[in-house]
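Q: I would like a close look at a single part of this structure: how its strands pair up side by side. Please begin with the chain as a whole and then go through that part step by step.

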Amino acid sequence: MGNIFCIGQSAYDITIPLDGAICENQKYRVTQKEECGGGPAFNAAYLCAMWGEKVELISRIGNDTYGKRLLEIAAQAGIGTNYLIKDDEIETPHSYIFSNQENGSRTLFNFPGEKKDVEYTYPDEEVSVILSDGHEPEISVEAIHHYKSAISIVDAGTCRESTMQVAKEVDYLVCSEDFARQYTGKTINLNDPKKACEIFEEVEQINHKHAVVTLGEKGLLYRRDGKITLMPAFKVKAVDTNGAGDIFHGAFAYAIKQQLDFYDVLKISSMASAISVQTLGAQSSIPQLTKVTSELQKKGNHYDKRRYL
């Protein structure tokens with residue numbers, strides 16, 4: 001079996017916990033912060049490496065303090081960096097994240113860094129899974145076409161033109177509730193199953209293959225036995241939701257590589273995400289695989305709940 005390729009954004013995250021929501025025209029005294037690697041592609045690659053997979057990160061970083069720190073983190077985690085795009089002319093992407101400790105919500109300020117067009121040559125590798133976050137659309141689409149036998153996944157958090165380029169090409173479109181709303185112009189309301197199904201079907205038409213719509217604490221929608229189905233979320237007390245989506249997608253890529261049943265893919269991804277929101281930070285909240293499987297075993301058949309819409 002070949003590598004997992006994670007393609008997209010790497011960033012350096014600085015997370016600051018607060019006792020409530022940010023208010024305008026206020027001065028905050030900060031006594032705690034969490035610094036770690038971040039960005040959708042980097043977080044997903046970190047999880048896959050932690051869980052024992054051979055993973056390569058295709059991402060852009062600058063030759064600055066944050067870029068050097070990300071390289072150190074990647075090396076410590078066992079993430080392959082042979083194919084990183086090192087650009088001396090850019091500032092490494094970084095984020096300031098304010099986490100509301102009351103409900104786990106977060107406000108994120110991301111500095112993506114300026115990008116220029118680059119020529120990218122694909123390595124002679126056996127690749128089993130490609131996970132793209134949509135930040136490098138040309139590189140992602142070319143990789144999907146180059147590694148024809150690889151299973152491709154897009155982490156579609158926001159409905160941008162770049163994300164749509166990749167979403168049309170992948171085998172699995174795994175998108176957020178926000179993406180679905182931005183794309184269709186409609187909001188999913190589980191109390192209106194007919195409308196929720198219509199929105200899901202519109203999303204499915206993007207790639208005409210497999211779609212998943214994540215709904216945060218409400219769970220997720222997917223198609224099972226030909227029917228649109230709600231998988232409920234695991235009930236937890238959220239401290240910080242930052243990175244939960246990245247962790248979900250990383251676990252999804254891992255489970256797809258393991259050739260698990262699709263239902264089990266979703267359960268593992270949901271549990272990994274649920275465990276992560278109980279800890280401050282993104283990368284620092286990624287759970288060990290043994291923790292995920294242990295928690296799933298505790299749930300047993302009690303979690304085998306689903307509702308066809």
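A: The protein chain exposes about 14,700 Å², and carbon and sulfur atoms supply 45% of that area. The model behind these values is predicted. Of the 309 residues in the chain, 55% are buried, where buried means under 20% relative accessible area. The C-alpha atoms fill a box of roughly 50 × 50 × 40 Å along the principal axes. The chain carries 33 positive and 43 negative charges, and the mean positions of the two sets lie 7 Å apart.

The secondary structure comes to 9 helices and 15 strands. The radius of gyration is 19 Å, close to the 19 Å that the globule rule gives for 309 residues, so the chain is as compact as a globular protein of that length. Among contacts with a separation of 6 or more, 68% are between residues 24 or more positions apart.

Now to the sheet. An open sheet is formed by 9 strands, in the order 4-1-9-10-11-12-13-14-15, and the pairing is mixed. Strand 4 (55-58) and strand 15 (307-308) stand at the edges with a single partner strand each, so one side of each is left without a neighbour in the sheet. Strands of a sheet pair through backbone hydrogen bonds, either parallel or antiparallel. Both kinds of pairing can be followed here by walking through the order of the strands.

Start with the parallel part. Strand 1 and strand 9 pair in the parallel sense over 5 bridges, and here Ile 4 stands opposite Val 129 in strand 9. Strand 9 also pairs with strand 10, again in the parallel sense, over 4 bridges. On that side the bridge partner of Val 129 is Ile 151 in strand 10. Val 129 therefore serves as a reference point in strand 9, with Ile 4 opposite and Ile 151 as a bridge partner. How much of strand 9 is covered? The count is 6 of its 6 residues buried.

Some of the cover around this region can be traced to a helix. In helix 3 (residues 137-146), the residues Pro 137, Ile 139, Ser 140, Val 141, Ala 143 and Ile 144 are buried. The buried residues of helix 3 pack against several elements, among them strand 1 (3-7), strand 4, strand 9 (127-132) and strand 10 (151-156). Strand 6 (85-86) and helix 4 (161-167) are also among the elements that they pack against.

Next comes the antiparallel part. Strand 12 (residues 210-214) and strand 13 (residues 220-224) pair in the antiparallel sense over 2 bridges. In this pair Thr 214 stands opposite Leu 220 in strand 13. Strand 13 is joined to strand 14 by 5 bridges, and these two strands run antiparallel. One of the pairings between them is that of Arg 223 with Ile 228 in strand 14. Strand 14 (residues 227-231) is mostly covered, with 4 of its 5 residues buried. Strand 14 is joined in turn to strand 15 by 2 bridges, again antiparallel, and Leu 230 stands opposite Arg 307 in strand 15. This brings the walk to strand 15, one of the edges of the sheet.

Two loop residues beside these strands deserve a look at their backbone. The hairpin of strand 13 and strand 14 has 2 residues between the strands. Asp 225 lies in the loop between strand 13 and strand 14 and has a positive phi of about 55 degrees although it is not a glycine. With a relative accessible area of 62%, Asp 225 is exposed; the cut-off for exposed is over 50%. His 208 lies in the loop between helix 6 (193-207) and strand 12. His 208 has a positive phi of about 60 degrees, and it is not a glycine. His 208 is exposed as well, at a relative accessible area of 59%.

For a point in a helix, take Lys 298 in helix 9 (residues 289-299). Lys 298 counts as exposed, at 61% relative accessibility. Lys 298 and Glu 53 are 245 residues apart in sequence, and their C-alpha atoms are 25 Å apart in space.

To sum up the sheet, its 9 strands run in the order 4-1-9-10-11-12-13-14-15 with mixed pairing. Strand 9 pairs in the parallel sense with strand 1 and with strand 10, while strand 14 runs antiparallel to strand 13 and to strand 15.

Methods
Residues numbered from 1 in each chain as written. Predicted model: local features only at pLDDT ≥ 70, side-chain atom pairs only at ≥ 80, totals over all residues. Heavy atoms only, no water. Rg over C-alpha atoms; globule rule 2.2 N^0.38 Å. Buried < 20%, exposed > 50% of the residue type's maximum accessible area, 1.4 Å probe, protein only. Contact = heavy atoms within 4.5 Å. Areas by Shrake-Rupley, 256 points an atom, 1.4 Å probe, with all protein chains shown as cover. Lys, Arg positive; Asp, Glu negative; His and termini not counted. Charge placed at Lys NZ, Arg CZ, Asp CG, Glu CD. Pairing = 2+ DSSP bridges.
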